Amino acid sequence: MASASELSDAASVDPFTAVESLGQRDGSTISDWLARSLQEPAQAWREWAATGVALLPCGRRFDAVRLPERLVHSAVRSTDPKVVAARLTQSLDGPVIYDGRTMGGTYYTLTRRRRKGTWRHQDVAPWLGVDFYLGVPRLNRTEPPGTHWVVAPRFEGDLCEPLAVEALSRVGRTGESAEPC
């Protein structure tokens, strides 16, 4: 993980130098793939250097599904962060972001862009595509505080399959009326 002074130094130099500096520590191929969802990828690198989170558009390289914490905990039958991470890794096989600052805690899956069809869980787990932006943490942000990866992408283009996210949503919905985890 980069120190505060390294990030400060990276933020004060030319954005492309910051890209190289942070990229060497941060899985540059994956980070570059994410950054290229913007028309000006250097903007993502500046945001990662300054705040640790970049605002990236959905609907270009990935879509996202917003999963309330309660739904996820119900689906994986645990509130323990390590157990939740392990079960999400197993069931979704793709990247998941957690933001504890919004709506009582929210998980976001980075998901393959949806083809035609209706998303059956829009009322509790909204599909975010074109016209939505998502706060995407720097790859080395894997723990709280703040927005962080619960399951980081493993390679360029690593995304959750919509059917896996749908199955998790369905299981979480059916268990929501059960006793708290």
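How many helices and strands does the secondary structure of the chain come to? The chain has 7 helices and 7 strands, where helices (H or I, at least four residues) and strands (E, at least two) are DSSP runs numbered from the N terminus. Their order along the sequence is α-α-α-α-β-β-α-α-β-β-β-β-β-α.

The model is predicted, so local features need pLDDT of at least 70 and side-chain atom pairs count only at pLDDT 80 or more, while totals for chains, interfaces and linings use all residues. Residues are numbered from 1 along each chain as its sequence is written, and side-chain values use heavy atoms, with hydrogens and water left out.

**Overall**

Of the 181 residues of the chain, 49% count as buried; buried means under 20% relative accessible area, exposed over 50%, and partly exposed in between, with a 1.4 Å probe and protein chains only. A contact is a pair with heavy atoms within 4.5 Å. Among contacts between residues at least 6 apart in sequence, 72% join residues at least 24 apart.

**Helix H5 and its surroundings**

Helix H5 spans residues 69-76. Because 6 of its 8 residues are buried, H5 is largely enclosed by the rest of the structure. The buried residues are Leu71, Val72, His73, Ser74, Ala75 and Val76. The cover over these buried residues of H5 includes strand E2 (63-68), H6, strand E4 (106-111) and H7. Just after H5, Arg77 takes a positive phi of about 60°.

H5 packs on helix H7 (residues 162-175), with axes that come within 7 Å and cross at roughly 90°. That makes H5 roughly perpendicular to H7; the classes are roughly parallel under 35 degrees, roughly antiparallel over 145, roughly perpendicular from 65 to 115, and oblique for the rest. Axes here are lines fitted to C-alpha atoms, for helices over the stretch in contact, and angles run from 0 to 180 degrees between N-to-C directions. On the H5 side the contact is made by Leu71, Ser74, Ala75 and Val76, and on the H7 side by Leu168, Ser169, Val171, Gly172, Arg173 and Gly175. By class these residues divide into 5 nonpolar, 4 polar and 1 charged, where Ala, Val, Leu, Ile, Met, Phe, Trp, Tyr, Cys and Pro count as nonpolar, Asp, Glu, Lys and Arg as charged, and the others, Gly among them, as polar.

Leu71 of H5 also takes part in the surroundings of Ala125. Ala125 is found in the loop between E4 and strand E5 (127-128), and at 0% relative accessibility it counts as buried. The C-alpha atoms of Ala125 and Leu71 are separated by 8.5 Å, with their positions 54 residues apart along the chain. Leaving aside neighbours within four places in sequence, Ala125 is in contact with Val65, Arg66, Leu67, Leu71, Trp119 and Ser169.

**Helices H3 and H4**

Helix H3 (residues 28-35) and helix H4 (residues 41-51) pack at an angle of about 115°, with their axes 8 Å apart. Ser31, Asp32, Leu34 and Ala35 of H3 meet Pro41, Ala44, Trp45 and Trp48 of H4. The residues of this contact are 6 nonpolar, 1 polar and 1 charged.

**Pockets**

Pockets are found on a 1 Å grid over the protein atoms alone: a cavity is a set of points where a 1.4 Å probe fits but cannot get out, a pocket is an open set with protein on both sides within 12 Å along at least five of seven lines, and lining residues have an atom within 4 Å of a point. Grid points are joined across faces, edges and corners, and a volume is the space filled by probe spheres set on the points.

| Pocket | Volume | Lining by class |
|---|---|---|
| Largest | about 300 Å³ | 8 nonpolar, 4 polar, 3 charged residues |
| Second largest | about 160 Å³ | 4 nonpolar, 2 polar, 5 charged residues |

The largest pocket is lined by 15 residues, and Pro81, Lys82, Pro144, His148 and Val150 are the closest to its centre. H5, helix H6 (81-92) and strand E7 (148-151) each supply at least two residues of this lining, and H6 gives the most, with 4 residues.

Of the 11 residues that line the second largest pocket, Arg114, Thr118, Trp119, Pro162 and Glu166 lie nearest its centre. H7 provides the largest share of that lining, 3 residues.
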